[in-house]
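Student: Could we go through this model together? I'd like to see how each term is tied to its rule.

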Amino acid sequence: MMAGTLVSTIINGDQIEFACRPDETLLEVLRNRLGLTGSKEGCGTGDCGACSITLDGRLVCSCLVLAVEAEGRKVNTIEGLADGDTLHPLQTNFINHAALQCGVCTPGLLIASKALLDRNPNPTDEEIRFALAGNLCRCTGYDKIVHAVKATAKELRKQ
Amino acid sequence: MKYQTPSTTKEAAVLIKRERGKAFVLAGGTDLMVRMKIGLIEPDLVVDIKHISAMQSIKKSASGFRVGAAVSAAKMGENNALKKAWPGVVEAANLIGSDQIQNRCTIAGNLCNASPAADAVPALIAAGAKVNIVGPQRRRTVAVEKVITGPGTTSLAKGEIVEAITLPKRLPKSGDAYLRFIPRSDMDIAVVGAGVGLTLDNNGVIKSARVALGAVAPTPLLVAAAAKAIVGTKLNKAALEKLTVACTAACDPIDDMRGTVEFRTEIAGVLARRAAKIAYKRAGGK
């Protein structure tokens with residue numbers, strides 16, 4: 001067992017305790033200690049958004065959060081987006097609109113898209129593009145992502 | 001590295017003062033964590049100020065607004081009273097980075113990171129904002145423009161921490177605005193930033209003004225000559241021309257991949273003019 005700081009947190013609804021060094025990022029702990037490898041490291045400096053998660057409901061880059069900061073807080077990652085085997089409508093629409101190719105940016109884009117739709121159920125194209133400006137994708141050219149988010153918003157508004 | 005979460009500003013100041021190694025304040029971490037990642041700094045102590053209650057809220061009082069040093073830019077954008085009183089300051093704060101960054105970054109951090117291109121700083125200077133600083137021994141209050149002394153350096157002594165930034169009471173018939181130029185639509189560092197705050201008299205004549213520029217010198221600048229150029233006018237063509245000349249004269253920029261010296265100097269005048277027009281309109285001027 002490693003020595004380190006003990007951190008108690010709620011990840012995707014589950015009470016989780018982990019030990020880490022104080023200089024480890026939340027992204028490093030999620031991936032390397034907890035096996036939650038859905039969040040990706042693209043840049044490690046908050047520019048690409050591939051590591052996007054929510055912390056107490058707020059969208060953040062997990063590479064710019066110290067893991068020890070998560071003490072007592074709610075963390076939501078891509079692993080918690082689907083309901084068991086049932087994909088979240090955003091996931092289904094990303095597939096249906098071919099809004100991904102290599103997939104490295106996809107977890108971050110899904111989390112950022114969900115954060116957008118949680119606060120704005122009917123975003124314009126421009127609002128979607130600004131809300132996702134912190135998530136870089138080098139494959140799709142973004143149009144398909146915008147379409148997928150719009151389609152999801154429409155679907156969720158009907159529910 | 002040690003990590004501490006003090007519950008008072010004084011305690012935080014003492015922790016930093018007593019640390020023999022390198023100590024840093026952690027607010028949103030959007031600059032600090034980047035500097036750690038790329039190996040620019042290796043902290044021995046990080047003091048997380050987000051558990052200090054005096055730093056966590058935006059408070060409105062008879063003397064204006066007090067924005068705690070741990071308040072995120074996103075929270076400033078969600079505060080309608082602040083937005084209504086100081087739209088230029090909030091717009092500038094909300095220009096910093098993506099939504100992910102907005103949810104973490106703070107204007108106090110933006111100030112203390114001391115980038116010449118910091119977006120919030122010219123807007124704060126134009127607003128006449130003050131900084132509440134707490135040290136191990138004493139408190140002091142200084143104008144925002146007195147904090148940054150050069151790229152990455154501040155006038156804060158070791159152990160001194162920004163507790164809050166205060167904005168004066170919004171006077172009747174006054175307005176503020178901040179504009180920045182970047183070559184993209186979002187997510188870039190200012191090539192030039194310009195903030196203007198002004199107050200009109202009953203006839204729509206500018207009674208007082210403050211003009212500040214960012215990214216055109218080693219520090220954000222308060223340009224007194226530019227303010228002087230528009231005071232006593234209704235922002236007519238001649239006044240705007242004088243404002244432009246004063247801003248251009250104040251510029252001492254660098255060439256870099258974002259813009260040349262010539263471009264920055266020219267754009268400083270253009271943005272100051274446009275920001276002045278917006279502030280004038282917000283103040284009720286016609």
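Student: Which residue stands opposite I10(A) in β2(A)?

Tutor: Q15(A) stands there. Keep in mind that this is a predicted model, where local features need pLDDT of at least 70 and side-chain atom pairs count only at pLDDT 80 or more, while totals for chains, interfaces and linings use all residues. Residues are numbered from 1 along each chain as its sequence is written, and chains are lettered from A and ligands numbered from 1 in the order in which they are written.

Student: What makes β1(A) and β2(A) a pair?

Tutor: Two strands pair if DSSP finds at least two bridges between them. Strand β1 (residues 5–11) of chain A is joined to β2(A) by 7 bridges, so the rule is met. The two strands run antiparallel. Another bridge partner in β2(A) is C20(A), which belongs to T5(A). Strands are DSSP runs of E with at least two residues, helices are runs of H or I with at least four, and both are numbered from the N terminus.

Student: What happens in the hairpin of β1(A) and β2(A)?

Tutor: There are 2 residues between the strands, and N12(A) takes a positive phi near 50 degrees.

Student: How do you know that β1(A) also pairs with β5(A)?

Tutor: The count of bridges to strand β5 (residues 74–76) of chain A is 2, so the pairing rule is satisfied here too. This time the strands run parallel, and I11(A) has V75(A) as its bridge partner in β5(A).

Student: Where do these strands sit in the sheet of chain A?

Tutor: The order is β2-β1-β5-β3-β4 in an open sheet of 5 strands, with mixed pairing.

Student: What makes β2(A) and β4(A) edge strands?

Tutor: Each of them, β2 (14–20) and β4, pairs on one side only. The twist averages 40 degrees from one strand to the next. Helix α3 (residues 106–119) of chain A packs on the sheet, where it touches β3 (52–55) and β4 of chain A. The direction of α3(A) makes about 40 degrees with that of β3(A).

Student: Why are α2(A) and α3(A) called oblique to each other?

Tutor: Helix α2 (residues 89–96) of chain A packs against α3(A) at an angle of about 125 degrees, with the axes 10 Å apart. Angles under 35 degrees count as roughly parallel, over 145 as roughly antiparallel, 65 to 115 as roughly perpendicular, and the rest as oblique. The two helices are therefore oblique. Axes here are lines fitted to C-alpha atoms, for helices over the stretch in contact, and angles run from 0 to 180 degrees between N-to-C directions.

Student: Which residues of α2(A) and α3(A) meet?

Tutor: L90(A), Q91(A) and F94(A) of α2(A) meet T106(A), L110(A), S113(A) and K114(A) of α3(A). Residues are in contact if their C-beta atoms, placed from the backbone, lie within 7 Å. By class, this contact has 3 nonpolar, 3 polar and 1 charged residues.

Student: How many residues does each chain bring to the contact between A and B?

Tutor: Chain A brings 22 residues and chain B brings 19. On the chain A side, β4 (58–61) and α4 (125–131) each supply at least two residues. The largest share, 4 residues, comes from β4(A), an edge strand of the sheet we discussed.

Student: What is the sheet of chain B like?

Tutor: That open sheet has 3 strands in the order β1-β3-β2, with parallel pairing. Its edge strands are β1 (2–4) and β2 (23–26) of chain B. Neighbouring strands are turned by 20 degrees against each other on average, direction ignored. Between β2(B) and strand β3 (residues 45–48) there are 4 bridges, so they count as a pair. Within that pair, F24(B) stands opposite V46(B).

Student: Which helix lies across β1, β2 and β3 of chain B?

Tutor: Helix α1 (residues 9–18) of chain B does, running at about 175 degrees to β3(B). Set against the cut-off of over 145, that angle counts as roughly antiparallel.

Notes: Contact = placed C-beta atoms within 7 Å. Nonpolar A, V, L, I, M, F, W, Y, C, P; charged D, E, K, R; others polar.
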